[in-house]
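Visitor: I am new to this structure. Please show it to me, and then I will ask about it.

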Protein chains: 2
Amino acid sequence: MKDIKVGLIGFGTVGAGVVKLLSENAALIQQKLGAPLTLKTIADLDVVTDRGVVVPPGVLTTNVNELFDDPEIAIVIELIGGYEPARSFVLKAINAGKHVVTANKALLAVHGQEIFAAAAAKGVEVLFEPAVGGGIPVLSAIRGNLGANRFSTVLGILNGTCNYILTRMTEEGAEFASVLATAQELGYAEADPTFDVEGIDTAHKLCLLVSLCFGTRVKLEEVHAEGISSLSPVDITFAKEFGYKIKLLAIGKCDGQRFEARVHPTMIPLNSPLADVDGVFNAIRLAGDFVGPVMFIGRGAGMNPTASAVVGELMDISRNIHAGISRRTSPLGYPDASVTTLPLKPMGEISSKYYLRFSVVDRPKVLSRIAGVLGDNGISIESMIQTARSAQESVSIVIKSHEAREADVRAALVQIDALEFITEKTNLIRIEDNLE
Amino acid sequence: MKDIKVGLIGFGTVGAGVVKLLSENAALIQQKLGAPLTLKTIADLDVVTDRGVVVPPGVLTTNVNELFDDPEIAIVIELIGGYEPARSFVLKAINAGKHVVTANKALLAVHGQEIFAAAAAKGVEVLFEPAVGGGIPVLSAIRGNLGANRFSTVLGILNGTCNYILTRMTEEGAEFASVLATAQELGYAEADPTFDVEGIDTAHKLCLLVSLCFGTRVKLEEVHAEGISSLSPVDITFAKEFGYKIKLLAIGKCDGQRFEARVHPTMIPLNSPLADVDGVFNAIRLAGDFVGPVMFIGRGAGMNPTASAVVGELMDISRNIHAGISRRTSPLGYPDASVTTLPLKPMGEISSKYYLRFSVVDRPKVLSRIAGVLGDNGISIESMIQTARSAQESVSIVIKSHEAREADVRAALVQIDALEFITEKTNLIRIEDNLE
């Protein structure tokens, strides 16, 4: 077996983790592969800052082309993130005949089709387990041992920043803004947290999960993405009274004809294992026609867990190189030619249970008028909580609906929010109940 | 790509699931593999009973040798369970150059070394994802994307019968015997439940997990196996007061020098995701040096989930056949030659927190004498509950210890149980606390 040489683009936190892992567990990896896996070159614009890991002399370069031009390098790891220059670098690596491992969900969610086509044309691999769920080996499982299933659902807590913020809001009854500020101080949230807290990062990851689970292409711009910035502690409290916890969920569903792909705050049962996934942990729950529900939980980001997924992919490709083969499976588990473009179900047509919080002036018949409008729109009420009466302030009427069509609910809310006793826009949170 | 033909030995519940899956999802499987996967022959002593699935004419046979002698059959699935004739059939299949997929944990836990050696000599695969955790793809993950990690711990809820019984005991405060009887009526427990409730089935599965995680051979007879038959509802109640739930856990640990492999009722924190794994669900929690903790939850048995794992392995082997290779990885993830035999840590040397329930006559100084003996043996107390006083009956003193050596705890209990005010043998349950 021959020594396999690897090049790394992007020497940030995860890059340093990969250096550390390949060094600390070199003997284990060599034992398993039968040959060493060696990091030959690291390209980064900054080759000066100390990343806290030992890099042998001659490994660091500011010239990324050294990787593409080096015939010894068989695999290129892309860890710079974002669209460009990541896209160009990945395509250059592929065109130079290198296999690629990337943690870049944004890149694959938007330019995946172009990259996968280029890789197919050159007969090289593009693997991306580290792009979803950090160290959790969920993509490998979908492409691998779960591959005989038709999946109906994939749900995920995929963003550690949001989950950390929601966990603290839930535990402390704190406001979003104050928890975000603390998270930023602790380094759990970026200075500009938009990508994370508005659900965009989660939507990127959902695109990949949906493609793997349902064998369909997904347009990122069609994915409904709502974040957590408008969540209020009062909703978290009411959720608990109904027996729920609020999580930012990525939800993919498929009935074989059309699929759903949406990201939004979601109430899930307090006693479901998913509800206990707190802090920076991620979780993915799949439902397959034969396996039934299966769930994966682990650290969704960070230096070491993500490095575990990167090196796992390096080992997978190395086994192929040693066996003299390539692309034993295709990047999405489905042969590229058979990946379809199923239609995405519009949000108005999805069906869900709903939590609706109405802010009303406390006067007689308010509830009956709200219930009347809901009923007129075909929405039936499963349970209701009304807060203590108050002549001065507006009070809350909180309703949990039975399964209803989103378009009907939205139509009802337009009518209700126009009623004279409504003091604020009604708050809607979707409920996922069936998570045994 | 050529059509791959499969033979099945054992047409029971899981076998029927495999027939159903290969039939219902034939198009999906062909789409992913690029060629059909066809069940050509099913061997069973009973070819008459209706299993509720359609079998084409000419597929069923009572003569198992038809499978071994058929050059068209590339993969043999063994689903008869037990040691013999399963062992002979698997060895015959291997010697006939067939790849093998088996769900037989008992066979591999006891005869794994012989079977893996035979497979290595013939250059064929032996895959066994269905043997542990039903449809949960945990073995594939350990051999695959998590492969760069050194694992320190593997914990599992691996027996659905025990978990169902414990869940009902916990929810209803019921006695073991009465819940077992109901479980037997419902078909969740065998007429002779010994293998399940005494932890032996769990120990079989632990042997496989330990071998994959730590790269070591394990002797089944050295694994400490305690079942759930002596658990009492009162311990479940006290567990809850301490913030714990009782689960039958398989526990493997490794410090690189020695390993632990033990099965026993264990208290785990109520708010850990593992504690919410109820009923017939299974879960496996790994801790790797880079990935950190990662957990898998799913249906641990049954026709469809286990069939999912069987066919997942068939697809894995099919991909190798199509690529013209074999044994891209070895059965245990480590090359057979590098699997070692680490020493097993004797139970007396393990370290754990302990729940100790003392049954005592209620009189002065009882607690101080118990605490004194514990202290003399180096065991310190973290918290304590004493039940309501009663002059007539014996009362319980329940103690949660800090981390202690098992041998010290046992020595202390021998001394304490000899004290004149002790009315019953002291009950000991180990605690696993650190399961974030």
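Visitor: What radius of gyration does chain A have, against that of a compact globule?
Guide: In this predicted model, chain A has 436 residues, so a compact globule would have a radius of gyration near 22 Å. The radius is taken over C-alpha atoms, and the globule rule is 2.2 Å times the number of residues to the power 0.38. The value for chain A agrees with the rule: 24 Å.

Visitor: How are residues and chains labelled, and which pLDDT is needed for local features?
Guide: Residues are numbered from 1 along each chain as its sequence is written, while chains are lettered from A and ligands numbered from 1 in the order in which they are written. Totals for chains, interfaces and linings use all residues, side-chain atom pairs count only at pLDDT 80 or more, and local features need pLDDT of at least 70.

Visitor: Which domains does chain A have, and what distance separates the centres of domain 1 and domain 3?
Guide: The bounds come from an automatic or database domain assignment. Domain 1 covers 4–135 + 303–337, domain 2 covers 139–299 and domain 3 covers 348–431. Taken over C-alpha atoms, the centres of domain 1 and domain 3 of chain A are separated by 51 Å.

Visitor: Which strands are the edge strands of the open sheet in chain A?
Guide: Strands here are DSSP runs of E with at least two residues, helices are runs of H or I with at least four, and both are numbered from the N terminus. Two strands pair if DSSP finds at least two bridges between them. The open sheet has 6 strands in the order S3-S2-S1-S4-S5-S6, with parallel pairing. Each edge strand pairs on one side only, and in chain A these are S3 (60–61) and S6 (126–127).

Visitor: Which residue stands opposite A:Ile42 in S3(A)?
Guide: Strand S2 (residues 37–43) of chain A is joined to S3(A) by 2 bridges, and the two run parallel. Opposite A:Ile42 in S3(A) stands A:Leu60.

Visitor: In chain B, does S17 run parallel or antiparallel to S13?
Guide: Strand S17 (residues 422–431) of chain B runs parallel to strand S10 (residues 259–269) of chain B, with 2 bridges. Strand S13 (residues 351–360) of chain B is joined to S17(B) by 7 bridges, and that pair runs antiparallel.

Visitor: What kind of axis relates chain A to chain B?
Guide: Chain A superposes on chain B by a rotation of 180° with 0.0 Å of shift along its axis (RMSD 0.0 Å). The fit is by least squares on the C-alpha atoms of residues with pLDDT of at least 70 in both. That is therefore the relation of a two-fold axis.
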